[in-house]
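These exercises invite a newcomer to work through a single structure, taking its pockets, its helix contacts and its confidence values in turn. Each task is followed by a worked solution.

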Amino acid sequence: MSRINYDLMSDVELKQYFLRHRRDQAAFQAYLDRINQRPRRIVASPNDPDFDEKVQAAIRQKLEAARSISQQANTSDL
């Protein structure tokens, strides 16, 4: 069996691979390692007067990005 090189996969490819091969612990670990290497984005500080709005906007952006990726994956499976 050939060894898969997760480093050659894009973030989207690695995520899709892991979702299709959920028992592949090495893929899961590679995905977590990659995610944890990213700098964390601060949306708002607790004292920010627009805290709620900024957090809700960030959540909406994440949901829209996830939907877009999901739609791309669904159309590539056709």
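**Exercise 1.** Describe the second largest pocket of this predicted model, beginning with its volume and then turning to its lining.

*Solution.* Begin with the space itself, which amounts to about 180 Å³ in the second largest pocket. Next, look at the walls: ten residues line this pocket, and Q16, L19, I69, S70 and A73 are those nearest its centre. The elements that contribute two or more residues to this lining are α1 and α3, and α3 supplies the largest share, with five residues. Finally, sorting the lining by class gives four nonpolar, three polar and three charged residues.

**Exercise 2.** Work out how much space the largest pocket holds, and which elements build its lining.

*Solution.* The volume comes first, and for the largest pocket it is about 640 Å³. Its lining consists of 17 residues, with Y31, I35, R38, K62 and A65 lying nearest the centre. Tracing the lining back to the helices, one finds that α1 (11-20), α2 (25-37) and α3 (51-76) are the elements that each give two or more residues. The largest share is that of α3, which provides six residues. As for chemical class, the lining of the largest pocket has ten nonpolar residues, six charged residues and one polar residue.

**Exercise 3.** Determine how α1 and α2 are placed relative to each other, and list the residues through which they meet.

*Solution.* Start from the axes of α1 and α2, which come within 9 Å and cross at roughly 145 degrees. The handedness is the next step, and the crossing of these two helices is left-handed. Then turn to the contact, where D11, L14, K15, Y17 and F18 on the α1 side meet A27, F28, A30, Y31 and R34 on the α2 side. By class, this contact of α1 with α2 comprises seven nonpolar and three charged residues, with no polar ones.

**Exercise 4.** Find the average pLDDT of the protein, and say which elements have the lowest and the highest mean pLDDT.

*Solution.* Taken over the protein, the average pLDDT is 88, and 94% of the residues score at least 70. Going on to the elements, α3 has the lowest mean, at 87, whereas α2 has the highest, at 93.

Methods
Residues numbered from 1 in each chain as written. Predicted model: local features only at pLDDT ≥ 70, side-chain atom pairs only at ≥ 80, totals over all residues. Heavy atoms only, no water. 1 Å grid on protein atoms, 1.4 Å probe; cavity = no way out; pocket = protein on both sides within 12 Å on 5 of 7 lines; lining within 4 Å. Points joined across faces, edges and corners; volume = space filled by probe spheres on them. Helix = DSSP H or I, 4+ residues; strand = E, 2+ residues; numbered from the N terminus. Nonpolar A, V, L, I, M, F, W, Y, C, P; charged D, E, K, R; others polar. Axes fitted to C-alpha atoms, helices over the stretch in contact; angles between N-to-C directions. Left-handed = near helix turned anticlockwise from the far one by under 90°. Contact = heavy atoms within 4.5 Å. pLDDT = per-residue confidence, 0-100.
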